[in-house]
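Please read the points below with the model open beside you. They go from the whole chain to single elements.

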Amino acid sequence: MNNRREFLKKGAIAGMVLSGVTAANHHLFAQDQGSVQSPGNSILMRNSYHSVSFDMTQSPGILTSRTINIFYRILKERTGLDFLIKSDQALTIKLNIVAQSMPPEAFRIEKTGERLISITASDPNGILYGVGKLLHTSIFNHSGFSPGTWEGLSVPEKLQRNIYFATHFHNFYHTAPVDKVTRYIEELALWGYNNIEVWFDMHGFEGINDPKAVAMTDRLALILRAGKDAGMKITLCMLANEGYNSSPVELRAKPPKQIRLRGRYGVEICPSQPGGTALILKQVEEELNAFNSRGVMVDFLVLWPYDQGGCGCDRCTPWGSNGYLKLSKKIGELARNKVPGIKIILSTWLFDCVEDEGEWVGLAKAFSAEKPWVDYIQADSHERFPRYLINNPVPGNLPLLNFPEISMWESWPWGGFGANPLPQRSQRLWDEVKDKVAGGAPYSEGIFEDINKVIYSQFYWTRDRSAYQIVREYVAFEFSHEHADDIVQAIGILERNHGLKAAYKSGTPVKINVPIVDHGAKKAYELLKAVDKNLADITKKGWRWRILLLRAMFDYELRQTNGVPNKAAEDGFRELYLMYHAEQADQSVRPPVK
Ligand SMILES: [Zn+2]
């Protein structure tokens with residue numbers, strides 16, 4: 001991390017020399033970056049355009065061409081207008097890639113003339129994130145597009161800005177049309193996400209050639225390729241000792257301690273049984289081959305100890321610092337042979353989760369006795385960050401990644417009530433780890449936590465940027481500059497009122513449990529309804545606005561009826577159900593429709 005910080009300083013200086021920006025101006029920019037953009041006079045002075053052209057001296061390359069397409073797509077979706085038409089009054093955006101002119105992925109935005117904005121980067125990813133920043137600070141309406149007035153150099157502080165898509169239970173990522181998922185991935189890339197993670201969960205399949213496994217691999221490969229096309233690296237997650245449902249009974253793992261928390265499918269494999277490790281390695285090789293043969297070359301592999309997984313037999317215990325560690329070393333070796341350059345992330349999820357089982361201490365001991373064979377440690381929990389890492393150095397002094405839970409916390413079913421913005425909670429959890437981590441991967445169950453994803457993307461980019469500033473930029477971009485303050489206020493209330501949970505009888509939702517204290521459900525709903533009246537049709541029909549407004553409606557209406565869904569609530573659940581493509585969804589990700 002220290003090296004990175006040095007590089008940032010040098011990079012900033014190099015950028016100043018190149019562009020001729022003075023040190024004083026640069027300092028001012030750093031302050032501006034932290035301030036809230038006021039929707040004051042500056043908006044009135046902004047020009048509105050109906051035509052935008054891109055200018056590049058060199059051939060744009062694949063990623064930059066895609067970036068330009070994404071830009072035009074979003075402009076068209078947001079205004080209904082086509083900005084490709086030629087005009088003398090067009091805005092020109094000049095894209096410059098100057099190798100090594102600034103740190104990787106960084107960008108500089110400058111207004112370089114009347115109707116001329118330039119975005120400079122040292123690589124195509126920097127151009128992508130610069131175009132994202134320009135879009136996110138712009139204003140869209142029926143009269144056109146007013147480009148953002150944000151100028152300066154922006155350098156990402158955390159290099160690992162991953163997003164984990166859970167692709168199970170027939171949630172959105174599992175069943176929505178691939179082009180919808182692809183567009184969503186592009187929109188996350190604009191916020192700076194540079195790595196997409198998925199898990200091929202074996203336990204429901206007989207083997208890699210099971211038709212259901214083939215269909216899942218095809219689906220995951222499409223998602224990963226969409227990530228790659230949007231400038232992302234690709235990460236495959238694996239349970240270290242996972243098994244297919246056909247795993248030999250005599251090789252199966254014993255339940256680890258704390259099974260209620262750590263979970264178990266019952267088909268996991270014990271690596272200490274003769275033939276156990278060999279079977280696990282064979283499965284890993286087959287899985288890597290399956291993705292390679294679909295043209296997806298994996299950049300990172302995350303190995304998971306539990307949830308589900310682990311083995312509680314005498315020879316594997318304590319799993320985290322014994323059986324798991326020996327096994328992950330072998331998997332790492334295999335993966336490096338199969339995919340040269342692949343990086344290995346060792347997850348410590350649910351290590352010592354209730355009591356000290358010696359897992360953290362054992363891992364630290366192993367990595368001080370021998371050079372670590374992994375490149376990163378990943379750690380987090382459903383609630384507080386693991387105390388071991390707050391009080392001790394990272395084992396092997398490896399770079400640390402977090403794994404924030406943004407989807408499932410304190411609400412059921414996940415996404416069942418629309419948006420679940422958690423800015424204050426995210427801020428509190430982030431503040432504790434922001435100086436310790438090299439990035440991370442929020443855990444996502446669907447599109448309903450879009451705001452939380454954006455919050456983390458920006459935490460990773462600029463560690464001290466506040467959740468408040470991020471949410472304000474988000475709502476001004478997605479919904480309305482003019483009404484941003486009211487929307488942010490409503491989001492604050494929604495977070496305080498978070499906690500709707502459906503209760504079921506024989507699989508049918510019968511009641512929604514509503515938190516006892518009301519922090520202003522009526523106020524939040526009224527604020528958003530008033531904004532809704534003033535939004536352009538094209539904006540108010542967008543899914544991001546609908547899930548936010550629906551959430552405010554549920555908070556209010558369900559309080560009126562003591563949790564019994566009325567017509568408004570039933571219609572809302574139905575709308576979410578269609579939006580998530582939840583026709584086959586399991587209860588956990590299915591809005592509580594009757
Ligand atoms: Zn075992």
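1. A residue counts as buried if 20 or more other C-beta atoms lie within 10 Å of its own. By that criterion, 48% of the 594 residues of the protein chain are buried. Keep in mind that this is a predicted model.

2. Overall build. The protein chain has 21 helices and 18 strands. Its radius of gyration is 25 Å, close to the 25 Å that the globule rule gives for 594 residues, so the chain is as compact as a globular protein of that length. Along the principal axes, the C-alpha atoms fill a box of roughly 75 × 60 × 45 Å.

3. Contact range. Take the contacts in the protein chain with a separation of 6 or more. Of these, 75% are between residues 24 or more positions apart.

4. The nonpolar core. How many residues does the largest nonpolar core have? The count is 168. Ile119, Leu528 and Ala552 have the most contacts inside this core. Helix H20 (residues 543-560) supplies the largest share, 10 residues.

5. Around Leu528. Leave aside residues up to four places away in sequence. Leu528 then touches Ile487, Ala490, Leu548, Leu549 and Ala552. Two names recur here: Leu528 and Ala552 are both among the residues with the most contacts inside the largest nonpolar core.

6. The open sheet. Five strands make up an open sheet, in the order E1-E2-E4-E3-E7. Pairing is mixed. Strand E1 (52-56) and strand E7 (152-154) are the edges, and each pairs on one side only. On average, neighbouring strands of this sheet are turned by 20 degrees against each other, direction ignored.

7. Inside the sheet. Strand E2 (residues 91-97) and strand E4 (residues 116-121) run parallel. They are joined by 6 bridges. One register point to check on screen: Lys94 has Ser118, in E4, as its bridge partner.

8. Helix H12. Which residues of helix H12 (residues 359-369) are buried? They are Glu359, Trp360, Gly362, Leu363 and Phe367. Seen down the axis of H12, these buried residues fall within an arc of 165 degrees, so they line one face of the helix. The cover over the buried residues of H12 includes helix H11 (323-338) and helix H13 (387-391).

Notes
Residues are numbered from 1 along each chain as its sequence is written. This is a predicted model: local features need pLDDT of at least 70, side-chain atom pairs count only at pLDDT 80 or more; totals for chains, interfaces and linings use all residues. A residue is buried if 20 or more other C-beta atoms lie within 10 Å of its own, exposed if 12 or fewer, and partly exposed in between; C-beta atoms are placed from the backbone. Helices (H or I, at least four residues) and strands (E, at least two) are DSSP runs, numbered from the N terminus. The arc is that of the directions from the helix axis to the C-beta atoms. Two residues are in contact if their C-beta atoms, placed from the backbone, lie within 7 Å. Two strands pair if DSSP finds at least two bridges between them. Axes are lines fitted to C-alpha atoms, for helices over the stretch in contact, and angles run from 0 to 180 degrees between N-to-C directions. A nonpolar core is a set of buried Ala, Val, Leu, Ile, Met, Phe, Trp, Tyr and Cys residues joined through C-beta atoms within 7 Å. The radius of gyration is taken over C-alpha atoms; the globule rule is 2.2 Å times the number of residues to the power 0.38.
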